[in-house]
There are 2 protein chains.
Amino acid sequence: MNDPHILSAFDRDLEGIQALIMKMGGLVEVAISDATKALETRDVELAEQVRKNDAAIDALEEQVNIEAARVIAIRAPAASDLRTILTVMKLAGNLERVGDYAKNLGKRTSALVQMPVIEGAPGALRRMGRQVENMLHDALDAFVQGDVELAIDVRDRDEEVDQMYNALFREFLTFMMEDPRNISACMHLHFIAKNIERMGDHATSIAEQVIYNVTGEIPDEERPKGDNTSYTFETME
Amino acid sequence: MNDPHILSAFDRDLEGIQALIMKMGGLVEVAISDATKALETRDVELAEQVRKNDAAIDALEEQVNIEAARVIAIRAPAASDLRTILTVMKLAGNLERVGDYAKNLGKRTSALVQMPVIEGAPGALRRMGRQVENMLHDALDAFVQGDVELAIDVRDRDEEVDQMYNALFREFLTFMMEDPRNISACMHLHFIAKNIERMGDHATSIAEQVIYNVTGEIPDEERPKGDNTSYTFETME
């Protein structure tokens, strides 16, 4: 896939599957963007749309898996090509899960519009979503171009998402303690924040698979980790 | 894998991978059991152990993927055998994620021991964990034996897990509204409940893949769904 002039049958098949992955990536980016926009503007109709659109993302994942299996079966690819195909299937799995989180966000938005507004939170969540959207976009670009440097950059940016999550988490705690009537809304918003943070983890996972696929080495586990609420929780009592 | 008397080279390879899956399943069941026990008995040491043991589960998933890729490469399996191999890889992915949730439970237990006790919750979470453990066990049995009926049974039992989650969720809301000092502990416990509910979803996913692998048909999407908190939230204000 690096030399466009001499394409084997396998390379052409692979390009077909990559096109499906990019299409999936596009739909997932729109889902994140629409879901966080619907949350901020309290647009139930748009939230509904995000939920409905998830079926197309799921269908594309299924198509990737069927195509991948077909290519493995008819081409019996060599080890390194096989690794690429398996990576592609994993990426499709990552994208499908991000789509699920966006769908869940849509679902929660439909509930949230009936609850008190938590000042500042929807805007912050939309910014967080935008950050993840960009990471995802770059991770897929890194995949198609085999760009390890860009993949490493994506991986590093996940720390900012984790920090955004931590900051929001503290804000929600404060809102809940101030007024019990905020509890329901804050629990929803907290789940949304956690789900966007998990979307970031998936973008990171895609970036790490790109690194592995190109270099053959699993990136150092000790990447910067900004989500430490499981620990800091106790210091906040 | 259905006729033990005439085993092809592929069948023998597949049995080897299945053995890895069963080993993974065993470790994951222990992780769920230990994690919920540690939560109930406030045993930080056991919680630590669960966190450490997760590396062995991750390593087994890696081994399954490597083995699966090797088998595909050297045996060039026919369509239906290929489907089985791809299923096995997905199952390993499901088990790995359940292991991650157990690890997260261990992490949260370490934080929870410093917070007020929420009466009844740890016991209820342990019962929920036991239910999921049994589902997982049966789902893997169904896989090895190609037992569609058992797989359907597992899938149906997920509704109970969802109902347990709903009940707990309402309890946490009450505890938080009663006393803001309960908020931190309840947020941890809520995440734990949600994570156990997600473990149930993975057991269900395994069961559905068994059904698909045996019958070639994806089970009807409209399975009984008990988690409706995203909707009922608003009626609780």
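This short report looks at how chain A and chain B meet, and then at one residue, Glu61(A).

## The contact between the chains

Welcome to this structure, which is a predicted model. Where the two chains touch, chain A contributes 43 residues and chain B contributes 45 residues. Together they bury about 3800 Å², and 63% of that area lies on carbon and sulfur atoms.

What about charged and polar pairings? The rule finds 0 salt bridges across the interface of chain A and chain B. For residue pairs in polar contact, with both at pLDDT 80 or more, the count across this interface is also 0.

## The side of chain A

Which helices of chain A each supply at least two residues to the side that touches chain B? They are helix H2 (44–75), helix H3 (79–112), helix H5 (148–178), helix H6 (183–215) and helix H7 (229–232). H6(A) gives the most, with 10 residues.

Sorted by type, the residues on this side of chain A comprise 23 nonpolar, 8 polar and 12 charged.

## A closer look at Glu61(A)

Glu61(A) sits in helix H2 of chain A. Glu61(A) is buried, yet it has no salt bridge. Why is there no salt bridge for Glu61(A)? The nearest side chain of opposite charge, Lys90(B), is 4.3 Å away, and a salt bridge has to be within 4 Å, so this pair does not count.

Beyond its neighbours within four places in sequence, Glu61(A) is in contact with Met24(A), Ala92(A), Gly93(A) and Glu96(A), and also with Lys90(B) from the other chain.

Notes
Residues numbered from 1 in each chain as written. Chains lettered and ligands numbered in written order. Predicted model: local features only at pLDDT ≥ 70, side-chain atom pairs only at ≥ 80, totals over all residues. Heavy atoms only, no water. Contact = heavy atoms within 4.5 Å. Buried area = accessible area lost by both parts, 1.4 Å probe. Polar contact = N/O pair within 3.5 Å; in protein donor to acceptor, adjacent residues only side chain to side chain. Helix = DSSP H or I, 4+ residues; strand = E, 2+ residues; numbered from the N terminus. Nonpolar A, V, L, I, M, F, W, Y, C, P; charged D, E, K, R; others polar. Buried < 20%, exposed > 50% of the residue type's maximum accessible area, 1.4 Å probe, protein only. Lys, Arg positive; Asp, Glu negative; His and termini not counted.
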